[in-house]
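Here are a few exercises to work through with the model open on your screen. Try each task before you read its solution.

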Amino acid sequence: MIALQGELLAKRYRAGAYCHFFIHEPKRRKISAAPFRDRVVHHALCNLIEPLFDARFIHHSYANRKGKGTHRALDRLQELARRFRYVLRCDVVQHFPSLDHAILRDKLTHVIRDEDVLWLADAILASGAGVLDDEYRMTYFPGDDLLASCRPRGLPIGNLTSQFWSNVYLNDFDWLVQRGLGCGTYLRYVDDFALFSNSKSELYVWKNAVIGGLARERLTIHESAAQVLPTRCGIPWLGFVVYPTHRLLKHRNAVKFTRRLERNIDTYQAGRISFGELDASVKGWVNHVRFADTWGLREHLFATHPIHPPRT
């Protein structure tokens, strides 16, 4: 760590190579793991600059922030679903692969005044250039020429800085919706966001404004999925379906956990994992899904999957 500190002070720090792998839940994603020494640098940078930016974020941005998180985002969404008749739910296409380095750096320089800190941010940002090129489908925006395809873009999924910078990147858009459109019923979690109203026509007007606002950030939404729907029909949100009166776990998530539980039970009974490891996996899932109406699901699941001692 002393050597690393010296590299940073002398501006000789160079990020190491990423280790890449794929996950497939809830959808296929390329994860890029940085070396340990680089993760230490990422944490140090975020600890330094996070307070500067967090004070500028809207209140109802819930991802990767202290005192926020998935369950508070669910609570807020359900609160709005109880108060309003309609919702416009959207998500950004290829969110992390699409984030433009020049735009992000401009946002960073508006807040960070220390040149040494900016140098470090640039070094980390440059280390991720091209990492997600194979996950990105080129999108051209008004005014682009052919050189637009050469713009550095993409933040490695797995970096703490990427999660934090995602909020920095979308903060101007958040304020456009909340203050520019006057939509006080807006919330966002990473690239998923929702707007509520009692007027369908108002939400369709806001949808067009959202598309235009994101285009200025070189981002797009899945327009076919961005429909104005009655809140009573249920809102897909962070692995759940949220209704004004209750919440359900998405069916596919219940199926995935059932299969994982069956694999883990077989592995435990074969003696390849301990009961503590099996128990930790079950408790982690229960702690997540208990924020929905899943008592009957959990009761059925554990009644039909008894756990026997390992085979000797």
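**Exercise 1. Find the salt-bridge partner of aspartate 100, and say where the two residues sit.**

Start with the pairing: aspartate 100 forms a salt bridge with arginine 151, and their closest N and O atoms are 2.8 Å apart. Keep in mind that this is a predicted model. Next, place the two ends. Aspartate 100 is in the loop between helix H4 (95-98) and helix H5 (101-109), while arginine 151 is in the loop between helix H6 (115-127) and helix H7 (160-180). The pair therefore links distant parts of the chain, 51 residues apart.

Now check the cover on each side. Buried means under 20% relative accessible area. Aspartate 100, at 1%, is buried, whereas arginine 151, at 29%, is partly exposed.

Finally, look past the pair: Asp100 and Arg151 are linked with Asp144 and Arg218 in a network of salt bridges.

**Exercise 2. Work out which parts of the chain the bridge between aspartate 122 and arginine 105 ties together.**

First, the contact itself: the side chains of aspartate 122 and arginine 105 meet in a salt bridge, with 2.7 Å from N to O. Then assign the elements. Aspartate 122 lies in helix H6 and arginine 105 in helix H5, so the bridge ties together parts that are 17 residues apart in sequence. As for accessibility, aspartate 122 is partly exposed at 25%, and arginine 105 counts as partly exposed at 31%.

**Exercise 3. Do the same for arginine 89 and aspartate 192, and decide whether each is buried or partly exposed.**

Their side chains meet in a salt bridge at 3.0 Å, N to O. Arginine 89 belongs to strand S3 (residues 86-91) and aspartate 192 to strand S5 (residues 192-197), so this pair ties together parts that are 103 residues apart in sequence. With the 20% cut-off in hand, arginine 89 counts as partly exposed at 21%, and aspartate 192 is buried at 15%.

To put these pairs in context, the count for the model comes to 17 salt bridges. The protein chain has 44 positive and 32 negative side chains, and the centres of the two sets lie 4 Å apart.

**Exercise 4. Which residues have the most contacts inside the largest nonpolar core, and which element gives the most to it?**

The largest nonpolar core has 82 residues, and those with the most contacts inside it are Trp165, Phe193, Leu195 and Phe196. H7 gives the most to this core, with seven residues.

Take phenylalanine 193 as a case to trace. Leaving aside neighbours within four places in sequence, phenylalanine 193 is in contact with several residues, among them Leu88, Arg89, Cys90, Phe173, Leu214 and Trp237. Arg89 in that list is also the salt-bridge partner of aspartate 192.

**Exercise 5. Is arginine 76 buried or exposed, and what does this residue touch?**

Locate the residue first: arginine 76 is found in helix H3 (residues 70-83). With a relative accessible area of 10%, arginine 76 is buried. Not counting residues up to four places away in sequence, arginine 76 touches His60, Tyr62, Arg83, Gly184 and Leu187.

**Exercise 6. Step back and describe the whole chain.**

Begin with the elements: there are eleven helices and nine strands. Of the 312 residues, 46% count as buried. For contacts with a separation of 6 or more, residues 24 or more positions apart account for 72%. Last, the surface: the protein chain exposes about 16,100 Å², with carbon and sulfur atoms supplying 55% of it.

Technical notes. Residues are numbered from 1 along each chain as its sequence is written. This is a predicted model: local features need pLDDT of at least 70, side-chain atom pairs count only at pLDDT 80 or more; totals for chains, interfaces and linings use all residues. Side-chain values use heavy atoms; hydrogens and water are left out. Helices (H or I, at least four residues) and strands (E, at least two) are DSSP runs, numbered from the N terminus. Buried means under 20% relative accessible area, exposed over 50%, partly exposed in between (1.4 Å probe, protein chains only). Contact means heavy atoms within 4.5 Å. Accessible areas come from the Shrake-Rupley method with a 1.4 Å probe; for residues, only the protein chains shown count as cover. Lys and Arg count as positive and Asp and Glu as negative; His and the chain ends are not counted. The place of a charge is taken as NZ of Lys, CZ of Arg, CG of Asp or CD of Glu. A salt bridge is a side-chain nitrogen of Lys or Arg within 4 Å of a carboxyl oxygen of Asp or Glu. A nonpolar core is a set of buried Ala, Val, Leu, Ile, Met, Phe, Trp, Tyr and Cys residues joined through side-chain atoms within 4.5 Å.
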